[in-house]
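Subject: A structure for you to look at

Hello,

Here is the structure I promised to pass on. Have a look at it first, and then read on for what I found.

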Amino acid sequence: MEVYVENQQASLNWVSSDGWIKANVDQIGYYRVNYEAENWKALSRQLKTDHKALSAVDRSGLIDDAFHLTRGNLLAQSIPLDLTEYIIHETDYVPLKTFIQNMNYIGSNLSQRKSYGLFKSYMLKQLDPAIRRLGLEDKGSHLENFSPQPNHRPPPPPPSPPPPTSLPSSTSPPPLPPPLPPPLPQPQTPPPKLLFYFLFYTVNAFVVGLLRPSILSTACDCSDQEVIFEVKKMFQPAMEGQYIASNLLPLVYSIGVREGGVKEWDQVYDKYKSTNIASEKKILLSALTYTRNRQMIERILDYSLDDDKIRSQDTITVISQLATNSKAWQMTWNFVRHNWKILYKRYRLIV
């Protein structure tokens with residue numbers, strides 16, 4: 001049963017024994033929804049029993065509402081955590097992405113505490129099926145699977161005749177033009193069912209391409225050694241210009257720098273300096289801030305104030321990303337305090 005609000009208020013007779021209520025269906029409204037504890041528990045039971053009873057958008061909305069209400073001290077922390085126990089069975093992009101984003105907020109607050117190990121173990125447990133399902137192999141686009149096969153392509157037009165080797169005699173008639181090639185067959189409109197499957201698998205391939213790096217990045221952040229090992233193996237081929245799926249390149253560069261040393265950092269920096277592609281430059285600069293090597297942290301902080309090393313418009317990016325690095329945040333804070341006058345003079349707001 002659905003209830004629509006017309007005059008900012010609506011009411012219905014409902015008791016908890018009737019099941020559960022999900023307000024703001026498909027998250028159409030721009031507002032958060034809170035429920036009584038019993039309804040939260042009923043929704044959690046539904047997700048554990050059959051999460052497909054709610055749409056992917058509604059599942060994502062429940063998770064996001066619960067976590068944000070918790071941040072505002074309007075809900076107990078146990079409720080969103082209980083709500084996400086079903087995530088181990090989730091396969092859709094939007095709920096998984098919402099879960100990761102909200103749990104990353106908790107992780108950032110636990111990263112300097114002993115309990116962070118428990119947090120990482122929980123994340124790996126919940127995401128393990130998704131990690132194994134997606135893997136690191138780029139399966140390729142479904143567009144290729146729907147392309148015409150080579151033997152189904154129309155035949156090429158016959159080659160043009162070679163140019164004459166000598167001018168024709170003035171008494172001879174002009175040569176006839178070569179015959180026109182036969183018309184190419186017109187492409188047939190695919191039947192609706194085939195078009196549906198084409199669009200479905202194409203969109204699905206795109207979504208998987210978005211989800212894979214997010215899941216694998218979380219696995220690396222939570223110390224999944226198997227995933228880290230496989231990603232590290234892709235670093236050197238990427239540096240040598242071998243093909244690596246573009247959606248995995250940021251992860252490959254970052255883990256290569258994080259798990260490597262001076263050599264790996266220098267390789268990424270040299271590539272950053274040599275490329276003229278703005279998007280690649282941004283990815284490489286971000287990867288440089290993942291280093292755990294104290295010498296490299298000091299170097300990139302010093303480079304951030306040298307226009308010949310790192311562009312001045314990227315200085316704030318370097319500092320802000322290093323501040324999220326658990327091995328670099330203290331050095332970054334000291335650097336900002338020591339160079340505050342320079343930073344203020346360079347970036348102060350002009351009123």
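Let me start with His-51, whose contacts beyond four places in sequence are with Gln-46, Arg-59, Tyr-86, His-89 and Glu-90. You will find His-51 in the loop that links helix H1 (37–50) to helix H2 (56–71). Although it belongs to a loop, His-51 is buried, with a relative accessible area of 11%. Do keep in mind that this is a predicted model.

Helix H1 itself is worth a look too. Its 14 residues reach 20 Å from the first C-alpha to the last, close to the 20 Å expected at 1.5 Å a residue. Buried in H1 are Asn-39, Trp-40, Ala-42, Leu-43, Ser-44, Gln-46 and Leu-47, and the buried residues of this helix pack against H2 and helix H3 (78–83). Two of these names return elsewhere: Gln-46 is one of the contacts of His-51, and Trp-40 is among the residues with the most contacts inside the largest nonpolar core.

That core has 73 residues, and Leu-127, Ile-215, Trp-265 and Val-268 are also among those with the most contacts inside it. Helix H5 (residues 116–134) gives the most to this core, with 7 residues. If you centre your view on Ile-215, you can see it touching Ile-100, Leu-127, Ala-130, Ile-131 and Leu-134, leaving out residues up to four places away in sequence.

Ile-100 leads on to helix H4 (residues 93–110), where it is one of the buried residues. The others listed as buried in H4 are Pro-95, Leu-96, Thr-98, Phe-99, Asn-102, Met-103, Ile-106, Gly-107 and Leu-110. This helix has 18 residues and reaches 25 Å from its first C-alpha to its last, close to the 26 Å expected at 1.5 Å a residue.

Further along the chain, Ile-300 caught my eye. It is found in helix H13 (residues 294–303) and is buried, with a relative accessible area of 0%. Leaving aside neighbours within four places in sequence, Ile-300 is in contact with Trp-265, Leu-288, Thr-289, Ile-310, Val-318 and Leu-322. Trp-265 is another name you have met already, from the core. For a distance to check on screen, Ile-300 and Ile-319 are 9.2 Å apart in space, C-alpha to C-alpha, with their positions 19 residues apart in sequence.

What about the cysteines? The structure holds 0 disulfides. Why do Cys-220 and Cys-222 not form a bond? The closest cysteine sulfur to that of Cys-220 is the one in Cys-222, and because it is 9.5 Å away, it is too far for a bond. The converse also holds, as the closest cysteine sulfur to that of Cys-222 is in Cys-220. Both residues are out of the way of solvent by the numbers: Cys-220 is buried at a relative accessible area of 1%, and Cys-222 counts as buried at 6%.

Finally, the overall picture. The protein has 16 helices and 0 strands. Of its 351 residues, 33% count as buried, and the protein exposes about 23000 Å², with carbon and sulfur atoms supplying 57% of that area. Among contacts between residues at least 6 apart in sequence, 66% join residues at least 24 apart.

Enjoy exploring it, and do write back with any thoughts.

Best wishes

Key. Residues are numbered from 1 along each chain as its sequence is written. This is a predicted model: local features need pLDDT of at least 70, side-chain atom pairs count only at pLDDT 80 or more; totals for chains, interfaces and linings use all residues. Side-chain values use heavy atoms; hydrogens and water are left out. Helices (H or I, at least four residues) and strands (E, at least two) are DSSP runs, numbered from the N terminus. Buried means under 20% relative accessible area, exposed over 50%, partly exposed in between (1.4 Å probe, protein chains only). Contact means heavy atoms within 4.5 Å. Accessible areas come from the Shrake-Rupley method with a 1.4 Å probe; for residues, only the protein chains shown count as cover. A disulfide is a pair of cysteine sulfur atoms within 2.5 Å. The expected span of a helix is 1.5 Å times one less than its number of residues. A nonpolar core is a set of buried Ala, Val, Leu, Ile, Met, Phe, Trp, Tyr and Cys residues joined through side-chain atoms within 4.5 Å.
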